[in-house]
Amino acid sequence: MKPGTINLHIDKIVLDVDGAGHLDRAQLGLAVERELHRLISMQGLHKSLYQPGVIDRIAAKPIALDGSVREKTLGNKIAGSVYRGMKQ
């Protein structure tokens with residue numbers, strides 16, 4: 001069974017890293033959205049998320065960054081952390 005619609009609102013992303021000030025927030029958000037869509041499409045969701053209802057919070061663990069910080073790379077890592085939090 002697949003859900004008809006999933007609405008996910010990310011209230012805040014905290015970036016505590018040098019070089020994050022130059023990031024384009026719109027591009028970062030788009031990268032997170034695209035990667036979450038890809039992960040959900042390819043791997044599905046935890047069975048509890050197929051039930052109607054609201055989940056107030058998903059605990060995404062911190063991510064490690066290496067090298068230069070770019071929107072797509074950072075967005076993919078953030079999405080991966082959020083997705084893993086959704087599977088718990």
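A pocket, in this talk, is an open set of grid points with protein on both sides within 12 Å along at least five of seven lines, and its lining residues are those with an atom within 4 Å of a point. The structure I am showing is a predicted model.

I will start with the second largest pocket. It holds about 530 Å³ of space. Which residues lie nearest its centre? They are I10, I13, G29, V32 and E33, and the whole lining has 19 residues. By type, the lining divides into 12 nonpolar, 3 polar and 4 charged residues. Helix 1, residues 25-43, gives the largest share of that lining, with 9 residues.

Now take I10, one of the residues nearest the pocket centre. I10 sits in the segment before helix 1. Its relative accessible area is 33%, and partly exposed covers values between 20% and 50%, so I10 is partly exposed. How far apart in space are I10 and G29, C-alpha to C-alpha? The distance is 9.4 Å, with their positions 19 residues apart in sequence. G29 is also among the residues nearest the centre of the pocket.

I10 has a second role in this list. Together with I6, L8, I13 and L15, I10 forms a nonpolar patch on the surface. The accessible area of the five together is about 370 Å². I13 is therefore a name to mark twice, because it belongs to this patch and also lies nearest the pocket centre along with I10. I6 is another patch member, and it is found in the segment before helix 1. I6 has 40% relative accessibility, so it counts as partly exposed.

Staying in the segment before helix 1, there is G21. Is G21 buried or exposed? Its relative accessibility is 79%, and the cut-off for exposed is over 50%, so G21 counts as exposed. G21 and V69 are 48 residues apart in sequence, while their C-alpha atoms are 10.0 Å apart in space.

Next, helix 1 itself. How many salt bridges does a search of the whole structure find? It finds 1. The side chains of E35 and R38 meet in a salt bridge, at 2.8 Å from N to O. Why are these two separated by about one helical turn? Because they are 3 residues apart in helix 1. The partners are covered to differing degrees: E35 is buried, with a relative accessible area of 13%, whereas R38, at 40%, counts as partly exposed.

R34 lies in helix 1 as well. With a relative accessible area of 57%, R34 is exposed. From R34 to A79 there are 45 residues along the sequence, but 8.5 Å in space between the C-alpha atoms.

Last, helix 2, which covers residues 71-86 and contains G75. Is G75 buried or exposed? Its relative accessibility is 0%, and buried means under 20%, so G75 counts as buried. The C-alpha atoms of G75 and L28 are separated by 5.4 Å, although the two residues are 47 apart along the chain.

To recap, the second largest pocket takes 9 of its lining residues from helix 1. I10, from the segment before helix 1, lines that pocket and is part of the nonpolar patch. The one salt bridge found joins E35 and R38.

Definitions and conventions
Residues are numbered from 1 along each chain as its sequence is written. This is a predicted model: local features need pLDDT of at least 70, side-chain atom pairs count only at pLDDT 80 or more; totals for chains, interfaces and linings use all residues. Side-chain values use heavy atoms; hydrogens and water are left out. On a 1 Å grid over the protein atoms alone, a cavity is a set of points where a 1.4 Å probe fits but cannot get out, and a pocket is an open set with protein on both sides within 12 Å along at least five of seven lines; lining residues have an atom within 4 Å of a point. Grid points are joined across faces, edges and corners, and a volume is the space filled by probe spheres set on the points. Helices (H or I, at least four residues) and strands (E, at least two) are DSSP runs, numbered from the N terminus. Ala, Val, Leu, Ile, Met, Phe, Trp, Tyr, Cys and Pro count as nonpolar, Asp, Glu, Lys and Arg as charged, and the others, Gly among them, as polar. Patches are made of residues with over 30% relative accessible area and no salt bridge: like charges are joined within 9 Å, nonpolar side chains (Val, Leu, Ile, Met, Phe, Trp, Tyr) within 5 Å. Accessible areas come from the Shrake-Rupley method with a 1.4 Å probe; for residues, only the protein chains shown count as cover. A salt bridge is a side-chain nitrogen of Lys or Arg within 4 Å of a carboxyl oxygen of Asp or Glu. Buried means under 20% relative accessible area, exposed over 50%, partly exposed in between (1.4 Å probe, protein chains only).
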